[in-house]
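Here's a quick briefing to read alongside the coordinates. Start with the pocket, then zoom out to the wider layout.

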Amino acid sequence: MIYKRYIKGFTLVIAGLALLSKASADYPIVSHRYLADPSVLVTEDRVYVYCSNDDLSPLEGGYNIPNVVCVSSSDMKNWTDHGVVFDAERDTSWSKKTWAPCAIERDGKFYIYFGNSGANIGVVEGESPVGPFKDVLGGPLITHGTPGVQPAKNMWLFDPGVFIDNDGQAYIYFGGNGDDNVRAAKLNEDMVSLDGDVIKMHAPNFFEAAWVWRIEDTYYFSYSTTPRAEMRIDYMTSDHPTEGFEYAGIVGAQPPLNNNNNHAAQFLFKGNWYHVYHNRIVATEAGIPTGFRRNIAVEEFGYDDEGNIIEVEYTRDGVEQIGSLDPYVRVEAETFAEQSGIETEPSSAGGMKVTDTQNGDWFKVAGVDFGEAGASKVSVMASAASKGSRIEMRLDSPDGELIADIAVQPTGGEGKWKASKAKVSGAQGVHDLYISFVGDGDVADLDWWQFSPKK
Ligand code: FUB
């Protein structure tokens with residue numbers, strides 16, 4: 001893929017930086033692809049983050065975002081790459097762009113809302129958080145002609161944020177480029193049609209990225225401010241979902257190493273509040289133009305006793321892992337916290353796989369709990385063209401204690417899978433697991449791995 005060599009460049013620089021400072025994982029949380037404009041869907045035990053896919057954008061000149069990439073986590077440290085879950089060019093007849101998508105669940109169905117650049121807003125419906133998603137309307141949900149949108153001077157008709165209130169009423173918020181260009185609308189229960197006219201709202205220094213949530217009787221509306229207002233994420237509060245909002249303060253400053261926009265979402269997951277956003281650290285470290293190649297990152301934040309947001313502090317590794325990862329169930333290879341040199345792509349076995357692995361490339365799975373008795377064996381489902389490919393598993397650093405050395409069975413090439421096994425020694429307790437590729441050329445593709453416990 002086009003972005004490969006830039007990511008490789010990035011990981012080399014990061015490897016160097018890691019000598020000077022603590023290794024980073026939360027900033028960015030996904031370093032093997034360029035993703036932006038995050039929004040979230042929280043289920044009981046996972047958070048799904050839906051992103052504009054910047055992988056295909058040119059390095060200069062503008063965004064080309066034809067599809068939505070989703071990543072998810074159950075522990076906020078290890079992220080599973082679900083790849084492209086909705087592609088406007090492939091899955092609709094009328095739209096070519098999917099800027100700043102957001103997703104929501106209702107009655108067992110899942111909906112993605114997206115900006116067709118700044119021209120109009122669409123919605124698609126799916127059976128799972130990762131699709132497939134169908135274009136049930138065959139056209140946009142909201143256009144400049146939708147009653148209530150106008151007058152809207154120079155409005156960017158994009159950046160939907162969808163919220164379902166405690167009484168079951170769903171709302172969509174959207175708009176950009178002007179204090180009076182904030183809009184809201186009620187959604188019908190079908191989630192793909194509007195109930196009544198669009199409602200006008202106002203936000204000081206409003207630029208884009210509307211996002212709404214509720215705590216007790218307070219509605220919070222966060223948004224990105226204009227360049228003149230330093231592209232902060234500010235917020236307003238109200239006791240009503242569409243009226244009476246007043247400016248309440250700053251959620252987070254423009255993050256370090258960002259550029260000409262800021263976009264964030266706030267959410268509660270397993271008892272903690274998080275601020276997921278994008279910056280440009282991957283492109284910055286790779287030494288490429290940063291405008292159109294963004295990456296996602298996350299921080300925790302909190303509220304004071306009056307419910308005011310305590311401004312987000314940006315860190316390189318500030319998020320705690322929630323629990324640990326169980327190595328005794330099958331773990332998809334595309335679940336990791338950090339990486340050096342690898343890529344992901346759709347697997348012929350379903351889901352995604354780790355691919356494009358050269359000698360020395362690795363990925364890290366954070367906080368793996370091998371238990372007191374420890375592990376005795378490990379199996380991997382891999383694909384390698386020829387003999388001599390190995391996968392090494394080490395503890396706590398890329399050159400840490402070797403616990404398994406797996407000779408990958410030659411399978412004859414890409415897309416052909418075989419299980420390979422190896423004995424394990426020294427894997428007890430909780431450790432970061434480093435999985436490295438050793439061999440010539442493209443070493444091996446990896447679909448999943450699983451340890452067996454000592455009996
Ligand atoms: O990704 C394209 C646009 O950039 C989004 O719609 C805006 O929020 C800004 O982040």
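A polar side-chain atom of Asp37 sits 2.4 Å from one of the ligand's oxygen atoms. Keep in mind that this is a predicted model, with a chain-average pLDDT of 93.

**Ligand pocket**
- Asp159 also reaches the ligand, with a side-chain N or O atom 2.6 Å from a ligand oxygen.
- For Asn261, the gap between a polar side-chain atom and an oxygen of the ligand is 3.4 Å.
- On its own the ligand has 280 Å² of accessible area, and the protein covers 98% of that.
- There are 13 residues around the ligand, and Asp37, Phe158, Asp159, His263 and Arg294 come nearest.
- Sorted by class, that shell holds 5 nonpolar, 4 polar and 4 charged residues.

**Two domains**
- The domain assignment splits the chain into domain 1, covering 27-310, and domain 2, covering 331-453.
- Their centres, taken over C-alpha atoms, are 34 Å apart.
- Across the boundary, 11 residues of domain 1 touch 11 residues of domain 2.
- The two domains bury about 900 Å² between them, with 46% of it on carbon and sulfur atoms.
- On the domain 1 side, His32, Asn78 and Asp81 lose the most area to domain 2, together making up 52% of what that side buries.

**Confidence**
- A pLDDT of at least 70 is reached by 95% of the residues.
- Residues 1-24 are a weak spot for confidence, as pLDDT stays under 50 there.
- The model still gives that stretch 48 contacts beyond four places in sequence.

Methods
Residues are numbered from 1 along each chain as its sequence is written. This is a predicted model: local features need pLDDT of at least 70, side-chain atom pairs count only at pLDDT 80 or more; totals for chains, interfaces and linings use all residues. Side-chain values use heavy atoms; hydrogens and water are left out. pLDDT is the predictor's confidence in each residue, from 0 to 100. Contact means heavy atoms within 4.5 Å. A residue is near a molecule or strand if one of its heavy atoms lies within 4 Å of it. A polar contact is a pair of N or O atoms within 3.5 Å; within protein, one must be able to donate a hydrogen and the other to accept it, and residues adjacent in sequence count only if both atoms are side-chain atoms. Accessible areas come from the Shrake-Rupley method with a 1.4 Å probe; for residues, only the protein chains shown count as cover. Ala, Val, Leu, Ile, Met, Phe, Trp, Tyr, Cys and Pro count as nonpolar, Asp, Glu, Lys and Arg as charged, and the others, Gly among them, as polar. Domain bounds come from an automatic or database domain assignment. Buried area is the accessible area (1.4 Å probe) that two parts lose on being put together, summed over both.
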